Every structure is written in structure tokens, then in C-alpha cells.
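Visitor: I would like a close look at one part of this protein, taken slowly and with the terms explained along the way. Please begin once the sequence and structure are in view.

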Amino acid sequence: MKNNYVCPKCRANLKVRDNIILAARLENNKTGIILISPQLGNYKVLKHSSFEYKDGEHLYLCCPVCHESLAVEEKSKNLAKIIMFDIHNHESEIYFSKIAGEHCTYKIENNHVEEFGEDADHYSNFFGAGFNY
């Protein structure tokens, strides 16, 4: 996968090899690093076995470089945002759920919205009506 992903705040590269690297914190303040797939719609997560959480738990996600929150409160407290550059260097905003086990991702480029995951309908109203497929 040739897409690159960067932090929307500091623009640091977040993708290393075949994973996007994010810092995470749980509501009980336990912290860890998670690796997520750069393939939109693939919800495989890698993490250390000591960083345990259950489906339904809220993850606070941050850039591992600048430590700024990836939250997008103006859309939903449950969504995070990163920036994707495709192989043609076109920039897209990528929104995804911060709820463990919730599978929804949105790619927005030039007001064109693509949604991925079986839970995508949970937040689609935050991106306006009339999705383009």
C-alpha cells in the first residue's frame, strides 16, 4: 500500500512499513502504542499484550510525535482524524472511530465522501447528506 499518512497537526509521518502508529490512552489512564492497518476498511489492530481493552471502550488517540489529540470534537467525540496522501499525492481527510471494536472509517476528498466498515452509518450524518459512491 503506497498511501502515506500524516498527523493533521504537525504533519509527521505516521506510517511505518505496513502500519499506522498511534499513541493511545484509556479512560483509566493506561497508555500504549497501537498499530492500525493503512488499508481503509481493514480493522486489524496490533498492540502489546499488556495494553488491554475491551470492545466498546473509548480510546484517546494522539500523534506519537507531537502528542496532540487526533480527536475531532466538532464532528463527534468518538472520531479521530488523520491525513492521507495517495500515490498521486492527492490529500484526503480520514476519520475513524476511537471506540474499540467499532468499524467505521470515512475518506473525504474534495467533498466526496467514501465510507467503510459495518458501523459507518453511526456517524455518516456528520459528513452531510448525499454520499458519493
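Visitor: Which strands each supply at least two residues of the lining of the largest pocket?

Guide: This is a predicted model, in which local features need pLDDT of at least 70 and side-chain atom pairs count only at pLDDT 80 or more, while totals for chains, interfaces and linings use all residues. Residues are numbered from 1 along each chain as its sequence is written, and side-chain values use heavy atoms, with hydrogens and water left out.

The strands are β4 (31–36) and β9 (91–97), each of which supplies at least two lining residues, a strand being a DSSP run of E of at least two residues, numbered from the N terminus. Of the two, β9 gives the most to the lining, with 3 residues. The pocket itself has a volume of about 390 Å³. A pocket here is an open set of points on a 1 Å grid over the protein atoms alone, where a 1.4 Å probe fits, with protein on both sides within 12 Å along at least five of seven lines, and its lining residues have an atom within 4 Å of a point; the volume is the space filled by probe spheres set on the points. Among the 28 lining residues, Ile36, Tyr43, Val45, Phe96 and Ser97 are the closest to the centre of the pocket. By type, the lining divides into 17 nonpolar, 8 polar and 3 charged residues, where Ala, Val, Leu, Ile, Met, Phe, Trp, Tyr, Cys and Pro count as nonpolar, Asp, Glu, Lys and Arg as charged, and the others, Gly among them, as polar.

Phe96 also leads into the interior, as one of the residues with the most contacts inside the largest nonpolar core, which has 21 residues. Such a core is a set of buried Ala, Val, Leu, Ile, Met, Phe, Trp, Tyr and Cys residues joined through side-chain atoms within 4.5 Å, buried meaning under 20% relative accessible area with a 1.4 Å probe and protein chains only. The elements giving two or more residues to this core are β3 (19–25), β4, β8 (76–85) and β9. Leu22, another of its most connected members, touches residues including Ile34, Ile36, Leu61, Leu70 and Phe96, contact meaning heavy atoms within 4.5 Å. A second, separate core of 10 residues includes Val72, Leu79, Ile108 and Ala120.

Strand β9 also holds Ser92, which counts as buried because its relative accessibility is 1%. Leaving aside neighbours within four places in sequence, Ser92 is in contact with Ile82, Ile83, Met84, Lys107, Ile108 and Glu109. With Glu109 there is a side-chain to side-chain polar contact at 3.2 Å, that is, a pair of N or O atoms within 3.5 Å, one able to donate a hydrogen and the other to accept it.

Note on methods:
Helix = DSSP H or I, 4+ residues; strand = E, 2+ residues; numbered from the N terminus. Buried < 20%, exposed > 50% of the residue type's maximum accessible area, 1.4 Å probe, protein only.
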